Amino acid sequence: MRPLHHSALLFFLFLFIPPVQADDLDEFIRQQLRKRNIPGLSLAIIQDGKIVKAKAYGFTDKSGTTPLTTATLFQAGSISKSVAAMGALHLVEAGHLSLDEDVNTKLRSWKVPNNEFTRDKKVTLRGLLSHTTGLTVHGFPGYEAGSPLPTLVQILDGTPPANTAPVRVNFEPGTQWRYSGGGYTVMQLLMEDVTGRPFPAFMQEAVLEPLGMTGSTYAQPLPADKAAITATGHLRDRQLVNGRWHIYPEMAAAGLWTTPTDLARFAISIQNSFAGKPVGVITQQMTQQMLTDQKNNDGLGVFLEGEGASMRFGHNGRDEGFDALMTAGVESGQGAVIMINANDNSRMLSRIQDAIAKEYHWAGYADPAPAKPTAIRINPSELLAFEGRYELFNNQMITFVAGKDRLVTLSDGFPDEEFVPETPTQFVSTDRNVQVTFIPGEKGEMREVIWKNGRGERKAPRIGPLLHTLKPGADPDPARTRQIETALKAISQGGTTLEKTSGITPGARKDFAGGTRELTGLKSLTYIHAENTTGRGIERHQSPVDQVIAYKLQTGTGQRYAIVHLTPDGQVTDYDVVDK
């Protein structure tokens, strides 16, 4: 997990902000940026098939010296896949590719290695576009500016200087859905092989220029004229990305530089093409295929939500230091694109999308906000009993802190969602239909929280307390701490060091193969607390968690806290770096 770091002043300033209505959309957005300490945001809103609002808020970086404009370029992350998919579908209609033939038929520079999983079913372009090929490698971390860049073949084979594992088939194509940026990298090479052209040049001519996406490019690295008008990426702790951004030779999967206005033009082209207006890159018939569910609400390059006149298509995106959201109605002529120059794990982008939908009366869009909750008064000191961390999903915890008259969740160390009390143990979200009920143990301490929304309910077991409330004690097992420190240093480095270090689960080895920034410069661990989590159903990186150990963490950048998740046999299977 990434570090959770924040400005104490901003935290206390915005923790107790009362909920506001989205009557004034601009002010709502500015408040969200202040609350989350995000340097800047740019958006475009679609209404009646036209861009009716394009606006930038904030600055290109946290120094606050250069304002964003609507022409400022952002990295689109995985929204790159949607635009690349249109280029591939254009090649299908031109007769250069087929959706359902073995991609190895047209691949020249490299072939998908055959194995027992491809004996009866082959990897196809349809499968690449819909994440159903069985290919591995979920996503890509990119490469710091100035570092050696691998070729596509090196990336696909996982050979240096590539920083990800080989892209291989490990289940029978077509039988399951699993997100694979590796699959889109295969598609990128396929498109280059059949066109004989570099991917950025082909996409510029075939997709970006015809759609009027004049500010956009897949060029990696960026040419100087484009680099001069970019936002700077910020990490989850709002530190700058080294070199301002990462370089992504995996262009089809993650390499598009663009603006919300250009992505809105892309979305409008799909809406127009679906309606039969001959103004797009692909025909109405191909657009209908693009918007047909292949598996798991995944079309060909876009995800689908709803049905009939209320159906929407879109994609989210994340690169190092950048997040983005694109959503649009298939038939409504409505939509929005939002891009920020930070990685943010809160509900902020969803809240802004909800506010836009409400302001512009999106067709078939259900208002997620509950009726105004009836809050009871509760003694502020009693709220402290609910503070702590709870495991909401595998590899995802939720942190509650006490406010003046409510509980507030933290995400990346910044305030996120607010819950007001309906009963002494039951709280309701102020901005969506979510209710949480805390369940005490035999001694009155909180053991779990029941999380309930419109889709059902789930139990979130307690991981442990907020660490800033505890004082270091005597370490009951110094040898274990030394073993954990060695494991964390190996996770930080990734690569062969991680492979050769004992005491780490296979799932952690796989998922941290590229290393991790927040543990860089690890100097020491000081024992604080241990929590026995046996029987609570906590799992991290495909391994059960039997114990959670908390330490003060000293690195080259300062002091924070580390939460280390151990399996029943004492192996490290995950960690979280937090501030509280």
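Colleague: Which lysine lies over the face of Tyr 184, and at what distance from the ring centre?

Modeller: In this predicted model, a charge counts as sitting over a ring if NZ of Lys is within 6 Å of the ring centre and within 35 degrees of the ring normal. The residue placed over the face of Tyr 184 is Lys 81, at 5.9 Å.

Colleague: In what order do the strands of the open sheet lie?

Modeller: The pairing in this sheet of 6 strands is antiparallel. Strand 2 (50-58) and strand 7 (303-305) each pair on one side only and are the edge strands. The twist from one strand to the next averages 15 degrees. The order is 2-1-10-9-8-7.

Colleague: What is the bridge partner of Ala 44 in strand 2?

Modeller: Strand 1 (residues 40-47) and strand 2 run antiparallel and are joined by 8 bridges. Helix 2 (residues 25-36) lies across both strands, at about 40 degrees to strand 2. In strand 2, the partner of Ala 44 is Ala 54.

Colleague: Is Tyr 218, the aromatic partner of Phe 199, buried or exposed?

Modeller: Phe 199 and Tyr 218 are 5.0 Å apart centre to centre, with 80 degrees between the planes, an edge-to-face pair. Phe 199 lies in helix 7 (residues 199-208), whereas Tyr 218 belongs to the loop between helix 7 and helix 8 (224-227), 19 residues apart. Phe 199 has a relative accessible area of 1% and is buried. Because the relative accessibility of Tyr 218 is 0%, Tyr 218 also counts as buried.

How values were computed:
Residues numbered from 1 in each chain as written. Predicted model: local features only at pLDDT ≥ 70, side-chain atom pairs only at ≥ 80, totals over all residues. Heavy atoms only, no water. Pairing = 2+ DSSP bridges. Helix = DSSP H or I, 4+ residues; strand = E, 2+ residues; numbered from the N terminus. Axes fitted to C-alpha atoms, helices over the stretch in contact; angles between N-to-C directions. Contact = heavy atoms within 4.5 Å. Phe/Tyr/Trp six-rings, centres within 6.5 Å; stacked < 30°, edge-to-face > 60°. Buried < 20%, exposed > 50% of the residue type's maximum accessible area, 1.4 Å probe, protein only.
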